[in-house]
Amino acid sequence: MKGIKLALTKAHIKFFRAGRFEAIDSIRLINGQQIEVAKYSNDKDALIGQATLWRTIIINSKAYSSKTTLEYVVAHETGHCVQWYGLLAYPVVIITWIIGGFFILGGVLGLMFFWAISTNILTAVSTLVLGSCILSLGCGYSWFIEYKADSYAIKVLGIDHYKRARNEMNEFPRLSFAARLVGRMTHPTSYAVLRLFLFFNREP
């Protein structure tokens, strides 16, 4: 990683992750893949790893607490990079959340002040439902790409490795309620991932 990619990655870490760039590292997965990552530090960051729009992988130093966790995070983010549609998550989620949030706010205000703004209660409810549906589209798309990235990691590392890594990550310091809420809206649980993976990859 060098040149423009490195400069963009350092800027992303500084301004979007509020972290400190540490080094470029090369992680070897158990299947022999050699993955280049940018290591950064920020103990307060909810994210452990991320694939950028220019297909570089940044890894929070927290992931280095365990080789199992580190390999899982790197494999997961690699899954985002090899699946081009995964990188659409940023614009899709942001756009649907903004539009959905706008409609939800309008619906809530309509229900609260329908007597003052001469609006129909049915219109307010319809607006609220429409906003929730739009918001759900972004959440659903994010769940889909996160599942695909986890599915890639499972195929590379194996189910047992995936389970160990997710259990280790559950021991990380508890995040704020807001961070946990956003995480649940954008990421499926490990239980759901495993159930879906076993269903779609069952023996014929």
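This section describes a strand hairpin, its salt bridges, a helical face and a nonpolar surface patch in a predicted model. Local features were accepted at pLDDT of at least 70 and side-chain atom pairs only at pLDDT 80 or more, whereas totals for chains, interfaces and linings use all residues. Residues are numbered from 1 along each chain as its sequence is written, and side-chain values use heavy atoms, with hydrogens and water left out.

Helices (H or I, at least four residues) and strands (E, at least two) are DSSP runs numbered from the N terminus. Strand S1 (residues 20-28) runs antiparallel to strand S2 (residues 34-41), and 8 bridges join them; pairing requires that DSSP find at least two bridges between two strands. The two strands form a hairpin with 5 residues between them, and glycine 32 in the turn has a positive phi of about 95°. Alanine 23 of the hairpin stands opposite lysine 39 in S2.

The structure holds 5 salt bridges, defined by a side-chain nitrogen of Lys or Arg within 4 Å of a carboxyl oxygen of Asp or Glu. Lysine 39 pairs with glutamate 22, the closest N and O atoms being 3.6 Å apart. This contact links strand S2, which holds lysine 39, to glutamate 22 in strand S1, 17 residues apart. Glutamate 22 also meets arginine 20 in a salt bridge (3.7 Å, N to O), and Arg20, Glu22 and Lys39 are thus linked in a network of salt bridges. Residues are classed as buried under 20% relative accessible area, exposed over 50% and partly exposed in between (1.4 Å probe, protein chains only). Arginine 20 is exposed, at 52%, while glutamate 22 is partly exposed, at 32%.

A further salt bridge joins arginine 166 to aspartate 150, with the closest N and O atoms 3.2 Å apart. Because arginine 166 lies in helix H6 and aspartate 150 in helix H5, the pair ties together parts that are 16 residues apart in sequence. Both arginine 166 and aspartate 150 are buried.

In helix H8 (residues 190-200), the buried residues are Val193, Leu194 and Phe197. Viewed down the axis of H8, these residues fall within an arc of 95° and therefore line one face of the helix; the arc is taken over the directions from the helix axis to the C-beta atoms. Tyr191 and Arg195 are exposed on the other side of H8. The cover of its buried residues includes helix H5 (121-157) and helix H6 (159-169).

Phenylalanine 113 is found in the loop between helix H3 (89-112) and helix H4 (114-117) and is partly exposed, at 36% relative accessibility.

Technical notes. Contact means heavy atoms within 4.5 Å.
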